[in-house]
Amino acid sequence: MNCPYCGGEMRDGSVLCTQCGRLTPEFERTYRRPDPTVGSGRERTGRGYDPDVAKGGSAAASTNPRLLLALVIGAIALLCALSLVIGAFVPRETTEAYRRAVEETGTAPEGYEDVIDAYFDARGDADADAIRALFPQAMRDEALSDADVHGSRVERWHVMSVYPHSASDAAGVSALLGETVTHYVDVEVSVRFAGAPEDEVWDFDLVRIDGAWYLYEIW
C-alpha cells in the first residue's frame, strides 16, 4: 500500500508512514487522543484516563494526611515561639491586676507603697540611716549613691503605674543580692515637693524578699 499523503510505500496494515510520518486516515478516525485535563479533578474521558487520579486530583494532594500533619506541627511550633517572644516583653498581669493581687494577699508585712512613703519621710528628715534600712542588706553600704538626702518635704505623691518585671529579671536580682527575690516591680510615682511649682515623676525599682518590700533603685 502507498501513503495517501506523500505516495510513499507502506506495509499493509501500517498506521504510520515512514516517509512523511503521518498517520493513516483510518487510524486518525478511530484514535482518541489522551485528555490533557486528566488529573485536574474534573472527570473527562479519553485514552489514558485514570478514574482514581481524576477523583482526587489536586484536592487529594491538598488533603494528604502527612502534609496536614506537617502543617499542624509547624503551626504549633510557630505559636510556641511567638508566645516565648511575647512573654519576654509583656507582663503576665496588667498593672492594675498586679497591684490588686499584691495588696489583697496580705502576706507582706508592708506593701510597696509603705516603702515609698517611708522613703519620702526619711528624705524629708534627711535621715540617711532610715533610707539605708529600706534597701536590702547587701546594698545598704552603697544605697545612698543612688538615693540623695535633701531634707525636702513631700506635699503629696501617688502611684501612676506599676510594671511587674519577669521571673528571669527577679532571678538576676536574686543572684546579685544573694537573696531569694519573689517579686521585682517598677513603680512610677508622681511627687509634689513642698514649695515646688509642679509635680515630678520618680521611678522606684522595688524587690520583695521573705515577704517584705525593699528599695532596689531610684531614678
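**Entry 1: D203**

I looked up D203 to see whether it is buried or exposed. D203 is buried, with a relative accessible area of 12%. I call it buried because the cut-off is under 20%. I keep in mind that this is a predicted model.

Next I asked where D203 is found. The residue belongs to strand 3, which covers residues 200-209. I then listed its contacts, skipping neighbours within four places in sequence. D203 touches D186, V187, E188, E217, I218 and W219. Which residue stands opposite D203? I noted E188 in that position.

**Entry 2: the sheet**

I turned to the pairing around strand 3. Strand 2, residues 181-193, pairs with strand 3 in the antiparallel sense, over 10 bridges. I then traced the whole sheet. It is open, has 4 strands in the order 1-2-3-4, and its pairing is antiparallel. Why do strand 1 and strand 4 stand at the edges? Strand 1 (154-164) and strand 4 (212-218) each have a single partner strand, so each has one side without a neighbour in the sheet. I also recorded the twist, which averages 35 degrees from one strand to the next.

**Entry 3: helices across the sheet**

I checked which strands helix 5 lies across. Helix 5, residues 112-124, lies across strand 1, strand 2, strand 3 and strand 4. I noted that helix 5 runs at about 125 degrees to strand 3. Helix 7, residues 167-177, lies across strand 2, strand 3 and strand 4. For helix 7 I wrote down an angle of about 95 degrees to strand 2.

**Entry 4: L71 and its patch**

I moved to the surface. L71 sits in helix 3, residues 65-89. Its relative accessible area is 54%, so I list L71 as exposed; the cut-off for that word is over 50%. I found L71 in a nonpolar surface patch with L67 and L68. Together the three have about 270 Å² of accessible area.

**Entry 5: the whole chain**

I finished with chain totals. I counted 7 helices and 4 strands. Along the sequence I read the pattern α-α-α-α-α-α-β-α-β-β-β. How much of the chain is buried? Buried residues make up 27% of the 219 residues. I also looked at contacts between residues at least 6 apart in sequence; 48% of these join residues at least 24 apart. The accessible surface comes to about 14,100 Å². Carbon and sulfur atoms hold 53% of that surface.

Notes. Residues numbered from 1 in each chain as written. Predicted model: local features only at pLDDT ≥ 70, side-chain atom pairs only at ≥ 80, totals over all residues. Heavy atoms only, no water. Patch = residues over 30% accessible without salt bridge, like charges linked within 9 Å, V, L, I, M, F, W, Y side chains within 5 Å. Areas by Shrake-Rupley, 256 points an atom, 1.4 Å probe, with all protein chains shown as cover. Salt bridge = Lys/Arg side-chain N within 4 Å of Asp/Glu carboxyl O. Helix = DSSP H or I, 4+ residues; strand = E, 2+ residues; numbered from the N terminus. Buried < 20%, exposed > 50% of the residue type's maximum accessible area, 1.4 Å probe, protein only. Contact = heavy atoms within 4.5 Å. Pairing = 2+ DSSP bridges. Axes fitted to C-alpha atoms, helices over the stretch in contact; angles between N-to-C directions.
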